[in-house]
Structures are given as structure tokens and as C-alpha cells.
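The following exercises concern the structure shown below. Each task is followed by a solution in steps.

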Amino acid sequence: MEIITAVRGFKDIIPPETDKWRHIEETAYRVFGAFGFREIRVPLLEKTELFCRGIGETTDIVEKEMYTFFDRGEESLTLRPEATASVIRAYLEHTIHAAETVTRLFTIGPMFRRERPQKGRYRQFHQIDAEILGPDDPRTDAELILMLIHFLDKLGLAKLNLEINSLGCAKCRPAFREAIVSFLGGRVEELCGDCQRRLGTNPLRVFDCKVDKCGEIISRAPRLMDFICQDCRDHFEKVQGCLSLFEVPYRLNAKMVRGLDYYTRTTFEVTTEFLGAQNAVVGGGRYDHLVRDLGGPDIPGIGFAIGFERLASLIPDRDQDVSRGPLLFIAALGEKAGERAFMLCNRLRMKGIHVEMDYAGRSLKSQMKRADRLKCAYALILGEREIEENSALLRNMHESAQEEVCLDDLEEIIKKLAR
RNA sequence: GUGGGUGUAGCUCAAAUGGUCAGAGUGCCGGGUUGUGGCCCCGGAGGCUGAGGGUUCAAGUCCCUUCACUCACCCCA
């Protein structure tokens, strides 16, 4: 019979990879906590409408990447393709905004997008998501980015590129968009096929095109910075000023356009050269009217999403040789000793000490080999002779030295070693 | 969704133009004389060569289908 495999694009995270994942998560908890973030856990399944309104009807995500189905033919539900919409839904549903003026939330979990799998791109992937709801002060933007950079730093990832941009606001962006459309409209024929399509859907995306001709054309196009209103300009400058205070290296990227409709003003990305085409590790930005668009008060917000798998792939695998094994291996010889060893082994485990033993009744040599393979610091040899004398041999595996110990004192001795 | 590449033991890989080609290293298990790991030596288990069809006297080796992985496009985390 054939085994059943995981669904295409869905991955198991198995040891020792899970160790790395927990390390990342713990780092996030610690760092985010210090910046005032609290964890929120939201459902993986939401009404489809939430994402249509939140992310934007014309985005690729909504148009063709969502796992959507009808629940018993009644209601259209969707596995979340991103977390922000859900977080805001919960924020509104629990009227958190009424209880406080600044809300900092983060969540870690799986997202689902039905794309063609590729390195760094899976159908179920994970994100670390952080959102600040309430303030629109540029220092908020800066603190969020600072926290992000600090977090990456804590994970030993200093050599990533931070790029920032401002997309303007509802007041100034439409004019810019219009200018771009009319500029490109006059050169439709020169654009590549993709860009001709983008012109209708998301004209700003043309800035991102990798085709040489398009790049050449777009380099002469109107620039957002010339259209941006004074408020947005001030905001953006303050964000940059704050980043400079901390000497955070960043690059202005006027061509950076984000894929979700809701972004306003500050947007940012963290990229790396080590991931091939999927080079974005983090994406984020301000969304000043998303809360309103989802039916709530007009509360501004800003957030980011870290691609967990992409982040993890940048962190070298922790060397298994360096990670330490069990403290103790109990090698038992004979039935009586085996019974005694079983008791001892599990009692010590209940004290929180990692102890291993073998039930197969193998030779001492074989058990010692096992202790060595497992990288145990100590081995306890418990044979017929020792049982008779109420003793055991405690062997230090690193120093290859052993001593006889009294069985009655054993637990105490081991507990001391555990410290 | 589009285009290219790959798919042989747990892992990394070999098998000229189809004909003992089903292998090596590593890992795993055991042994090298009485109850002691690491190095060394010896032995063993483990693959219907991703799956399903087809061509052929004969197929990992050719053809088709399918699945998976992979790279790029699209897009994004």
C-alpha cells in the first residue's frame, strides 16, 4: 500500500528544524514583549469577505491565490492568506480600540496561498506578524522598524537590506497614480505584456518590472516624491530621522510598491540575496484606513509580516554536535538491574533531567556505544554485581573516568550533576 | 497559472552507446573472547531504481502519463 503524503506545498517541520523554529519564536516573544507587544491568536479560517475587503479585490492574493470553499454550501470561508485583516477583525469585534488608544499585537502562525511552490514559497507558510493600532505618529513607524531590525539582529542576521518608501496618502496618491497612468498610457506599446496588464490593475507595479525597456521608461516617469503632500513628506522625513538616531542603515527605494491595496505612507521591506527570487524576508507598512474599511472607526495602523520559513533558512542549522545530549545514560545488565534502571531513569526524568536507557537487553558495549552516540555526559553502569553490592559505576564520558557510587545516593548525585 | 531541470538504499551519490547494474561512502544494527563508548577491522539489515502505463528478446537507462522536488516568470512573506 502506498503511503499518504502531505499536500503539495505543505511542509512538515521536523526535528532538528523545530528547535530552530522555537528559538526564533522565543526570540520574538522576548523582543516584542519589551516593545510592548502582546500576543493575539486568531482563527485560521475567516469569512471570505474579510479578505476581499481587507486586502483588495484586485490583488493577486484575492483574485487567484486563496483557499476558498463553501461551508456546507452556505457561507464562503477562506483560509487566511495573511494575518492583518484577521487581527483587525478581532480588534474591532472585541472593541479593543475603545479600551485603549495604542494597541500593539503580534501573532505567529500559518498562512495559506495557492501559488506554485518554489524555494521560499509554500502554500502553507508561516508569518510573524506585528501590528500597532492607534497612533499615526511617525515615531510609531520608526519604533516598529527599530524593533524589527533589533529582532533580526538578535537572531544574528545583521546583513539584510532594509528598504523604505512612502506611498503617500488618500490625498496625494490618486494624483500620482493618475500621472503615472497617463504617462504610461502614451507608451503602452513599448511596455512588456505584464506591464500592459499592470497598467489596468496596479500601475505602480510597473516600477517593479525587471524588463529593461520598462525600467528605462519608468525611470523617466513622474516620481511619487514630487506628488507627495506636505503632511506625508513631513511624516516620512521624521521616520527617517528616527531611524538615523539609531544608525539603522536603510535604503530609500522609490520603486518599492507593496502588493496589498491597503498600504499608505510608510512602507518597508527587508530583503536578502540568499533566497533567490523570493528575496523578501519581511514586508510591512502603514495602513491608515484599513480599520475604517473593515467597518470600524478611522483608526490608523502599521504593521509587518516576517516570512518565517525565509527567515529560518537564513539562520544556519544549529550544529547537532554542539547541542548537548542527555545528561545520563543508564546501561543495565540483567533483569534485576534492568528493573532498577527503569525506575531510576523515569524518576530522574520526572525531576526534569534528561536520562536515556535501552530496553533491548543489549551488551554493555552496545549500550556504551549508544550512550556515546547520544552524546550523554555520563553513563551509569548497573550490572548484577553492582546490584548485589547496592552500588553502580558512574562514568564521565568526556574524561573516560568512572567511580563507584552507592545506589542510595544516586539520585542526589545525579541531581547535583544536572546543575 | 506559464516555461526549463531533476527523481537510484535514512543521507550524499555511482552505474559508456538499453544487456549480471542494482553499487559505494556515510548512517543504522551486530561482532573483533569473560561486563565499558570514541579510532581501526569484519559482518548484517535496508531500494519493485518516485508511481502507472508503453516500446523491446531485454529498461534506472527510450516514449507517454502522473506525482514530487527544483529554478525562473507571475506574485509575495
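**Exercise 1.** State where Asp409 is placed and whether Asp409 is buried or exposed.

Solution. Asp409 sits in the loop between β16 and α17 (410–418); helices (H or I, at least four residues) and strands (E, at least two) are DSSP runs numbered from the N terminus. Asp409 has a relative accessible area of 40% and is therefore partly exposed, since buried means under 20%, exposed over 50%, and partly exposed in between (1.4 Å probe, protein chains only). The C-alpha atoms of Asp409 and Thr107 are 47 Å apart, with these positions 302 residues apart along the chain.

The model is predicted: local features need pLDDT of at least 70 and side-chain atom pairs pLDDT 80 or more, while totals for chains, interfaces and linings use all residues. Residues are numbered from 1 along each chain as its sequence is written, chains are lettered from A and ligands numbered from 1 in the order written, and side-chain values use heavy atoms, without hydrogens and water.

**Exercise 2.** Describe the place and exposure of Glu404.

Solution. Glu404 belongs to strand β16 (residues 401–406). With 51% relative accessibility, Glu404 counts as exposed.

**Exercise 3.** Locate Arg8 and give its exposure.

Solution. Arg8 falls in the segment before α1 (17–34). Its relative accessible area of 49% makes Arg8 partly exposed.

**Exercise 4.** Give the domains of chain A and the separation of their centres.

Solution. The assignment, automatic or from a database, gives domain 1 (17–172 + 228–319) and domain 2 (328–418). Taken over C-alpha atoms, the centres of domain 1 and domain 2 lie 51 Å apart.
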